[in-house]
Amino acid sequence: MSGNARDGIVVNAPTRAVKGHDWDGVETDWTKASYGYGAIHFHDDDLNDACWKTDLTVTIPRDALSGAYVVAATGIDANVHDDIAFFESAKPRPKAAFVLSTFTYVAYANEHMWDMSRESKMTMAGGDVVIRKDAYWRRMARHPDLGLAVYDVHNDGSGNVHTTARAGPFSTSAQATADQFMINFLEEQLGRGGYDVVTEHDVHVQGVSMLESYDAVITGCHPEYPSRALIDAYVAYTRGGGNIMYLGGNGFYWCSTTDPARPHRMEVCKGDQGCRSIEVPAGERMHALDGQLGGLWRSRGRYAQTLFGVGPDSCGTGPGVPYKVWVPDEQAAECAWVWKGLEAYQTADSTFSLPLIVEFGFGGGASGDEMDRLDYKLGSPSNAVLLATSTGHDESFGIFNEEMMFPMVDTLGPQCDRVRSDMTYYETAAGGAVFSVGSIEWFCSLAWDNYKNTVAVITWNVLEEFLQRGKGDGMLSVTGNVGWYTD
Ligand SMILES: [Fe+2]
């Protein structure tokens with residue numbers, strides 16, 4: 001509404017809350033400004049809803065179990081095949097829930113970092129990433145009309161802030177695939193119907209009521225794009241005595257927001273710090289959808305460490321490395337249940353007397369891709385125990401820029417002791433507990449050798465313990481700081 005009877009409707013989600021001709025830097029929050037924001041940034045590749053016609057309707061049986069499903073589609077040409085994934089959310093209420101990182105899946109939908117002609121191309125310490133040009137890559141390359149991820153630049157070179165689930169994502173994050181390893185593990189360990197699948201979108205809309213009946217809640221391997229409502233639900237769940245397993249890396253990192261009227265749409269305004277491939281201009285870092293600051297959650301004071309014990313610090317493209325057990329002697333006995341059964345994996349050239357190595361997996365170890373570490377100064381609870389830490393990341397791994405102050409030297413794996421994954425554990429005052437591993441590659445190692453490995457043993461030890469204990473009594477009253485604290 002223009003206020004001058006020149007009203008209109010915008011389609012395909014052009015970028016809003018952008019600077020106009022009269023912006024002067026006095027007010028950088030469009031919700032407070034009386035001038036300077038009278039503009040819309042249109043792009044020829046904006047997309048909100050591809051408005052595809054319905055080709056196929058699938059009726060889910062009422063008694064279908066919660067889980068991950070696919071519609072297997074074969075073309076008229078039998079060589080053309082696609083699996084269209086969907087998730088049947090919780091119904092029977094077993095004791096464990098696996099929260100699929102659907103915000104991450106949408107954030108990465110149809111990303112173009114493989115396009116080496118764009119500024120947002122995938123580059124890392126160690127050089128460009130080699131792109132495998134398979135059938136999926138060719139299909140993406142043929143379809144520039146399917147919209148962009150929040151890693152991409154528009155055709156005019158500006159960073160993209162919107163992504164949509166209504167464009168038929170042909171590709172999503174590799175971590176979506178890794179999450180399937182965990183689903184398979186839960187199928188094997190708890191049986192069909194022994195666990196529920198929940199999506200981040202469900203928790204965003206329904207809040208803690210979506211989680212509170214579970215004794216244990218497990219995250220995906222890369223919950224990078226939580227909304228505020230999602231984080232609040234995790235906090236409320238732990239205050240209610242819940243047990244969380246954060247089995248990923250680079251989690252709870254970017255602020256994201258969705259449009260209540262169009263939940264398929266997501267907005268992420270990446271600012272001037274964080275591990276990113278795009279950046280929106282200064283003065284355009286307040287989300288248009290909710291008027292709140294975009295960028296890193298840590299820039300809004302909501303450090304991942306305060307709830308999960310660890311928070312994002314580094315990433316790399318090289319092979320994963322093992323963890324080394326690091327429990328202080330005085331806490332070794334009370335943490336021994338985490339390592340139960342690892343002796344079976346003792347080989348001639350390794351012993352499992354402490355300190356031991358948690359090994360196996362993609363490229364050599366369970367810590368890799370993107371990692372999180374414990375830091376009491378950034379809010380890790382004072383009772384969080386460092387169980388294990390990764391060692392030996394190579395030069396392809398580097399620290400995130402928000403972790404550094406003075407000019408960035410000694411930033412790579414071999415020189416920087418903050419480039420690491422920490423495995424942490426703490427118990428909450430509400431009677432629950434939080435276990436974290438701080439690595440995206442945990443799930444890749446989980447499935448190694450058909451789930452016969454140390455990572456699978458530890459994962460089961462913690463899940464079994466949480467299910468046996470059940471939820472705590474919860475916090476009867478909250479005093480003092482009511483921020484993002486659980487202890
Ligand atoms: Fe990511």
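Two residues are in contact when heavy atoms of each lie within 4.5 Å. By this rule, F435 has many partners in the predicted model. Leaving aside neighbours within four places in sequence, F435 is in contact with I244, M245, Y246 and L247. It also touches V338, L387, M423, T424 and Y425. The list is completed by I458, V462 and F466.

F435 belongs to the largest nonpolar core, a set of 48 residues. Together with W339, L387 and W442, F435 has the most contacts inside this core. Helix α10 (residues 454–469) gives the most to the core, with 8 residues. A second, separate core holds 44 residues. Among its members are A233, V235, I244 and L296.

Two of these names, A233 and V235, recur in helix α5 (residues 228–239), where both are buried. Also buried in α5 are L230, I231, Y234, Y237, T238 and R239. The length of the helix can be checked. At 1.5 Å a residue, its 12 residues should span 16 Å, and the end C-alpha atoms are 16 Å apart, so the two values agree. After α5 comes G241, with a positive phi near 95°.

The iron site comes next. Three residues coordinate the iron ion: Y108 through OH, H222 through NE2 and E224 through OE. The distances run from 1.9 to 2.0 Å. In sequence, the spacing of the donor residues is Y-x113-H-x1-E. Y108 lies in the loop between α1 (102–107) and β6 (123–124), while H222 lies in the loop between β10 (216–219) and α5, so this pair ties together parts that are 114 residues apart in sequence. Y108 has 9% relative accessibility and therefore counts as buried. H222, at 1%, also counts as buried.

The loop between α1 and β6 holds further residues of interest. N110 is found there. Most residues other than glycine have a negative phi. N110 is not a glycine, yet its phi is positive, near 60°. At 2% relative accessibility, N110 counts as buried. M113 is found in this loop as well. Its relative accessibility is 9%, so M113 counts as buried. Not counting neighbours within four places in sequence, M113 is in contact with S120, K121, M122, Y151, D152 and S277. One of these contacts reaches far along the chain. M113 and S277 are 164 residues apart in sequence, but their C-alpha atoms are 8.4 Å apart in space.

Strand β5 (residues 96–100) is mostly covered, with 5 of its 5 residues buried. In a regular strand the side chains alternate between the two faces of the sheet. In β5, A96, F98 and L100 point one way, and A97 and V99 point the other way. Residues on both sides are buried. The strand pairs with β10 through 4 bridges, and the two run parallel. A96 has A216 as its bridge partner in β10. Another 4 bridges join β5 to strand β9 (residues 196–199), again in parallel. Here L100 stands opposite T199.

An open sheet of 3 strands shows antiparallel pairing instead, in the order β8-β13-β12. β8 (162–164) and β12 (257–259) stand at the edges with a single partner strand each, so one side of each has no neighbour in the sheet. From one strand to the next, the twist averages 35°. β12 is joined by 3 bridges to β13 (residues 262–267), and these two strands run antiparallel. The bridge partner of T258 in β13 is M266.

The loop between β11 (243–246) and β12 contains F252. F252 is not a glycine, but its phi is positive, about 55°. At 2% relative accessibility, F252 counts as buried.

Helix α6 (residues 305–308) contains Q305. With 3% relative accessibility, Q305 counts as buried. Leaving out residues up to four places away in sequence, Q305 touches V310, G311, R373 and D375. Its other partners are L378, G379, S380 and P381.

Definitions and conventions
Residues numbered from 1 in each chain as written. Predicted model: local features only at pLDDT ≥ 70, side-chain atom pairs only at ≥ 80, totals over all residues. Heavy atoms only, no water. Pairing = 2+ DSSP bridges. Axes fitted to C-alpha atoms, helices over the stretch in contact; angles between N-to-C directions. Buried < 20%, exposed > 50% of the residue type's maximum accessible area, 1.4 Å probe, protein only. Expected span 1.5 Å × (residues − 1). Donors = N, O, S within 2.8 Å, 3.2 Å for Na, K, Ca; no water. Core = buried A, V, L, I, M, F, W, Y, C linked by side-chain atoms within 4.5 Å.
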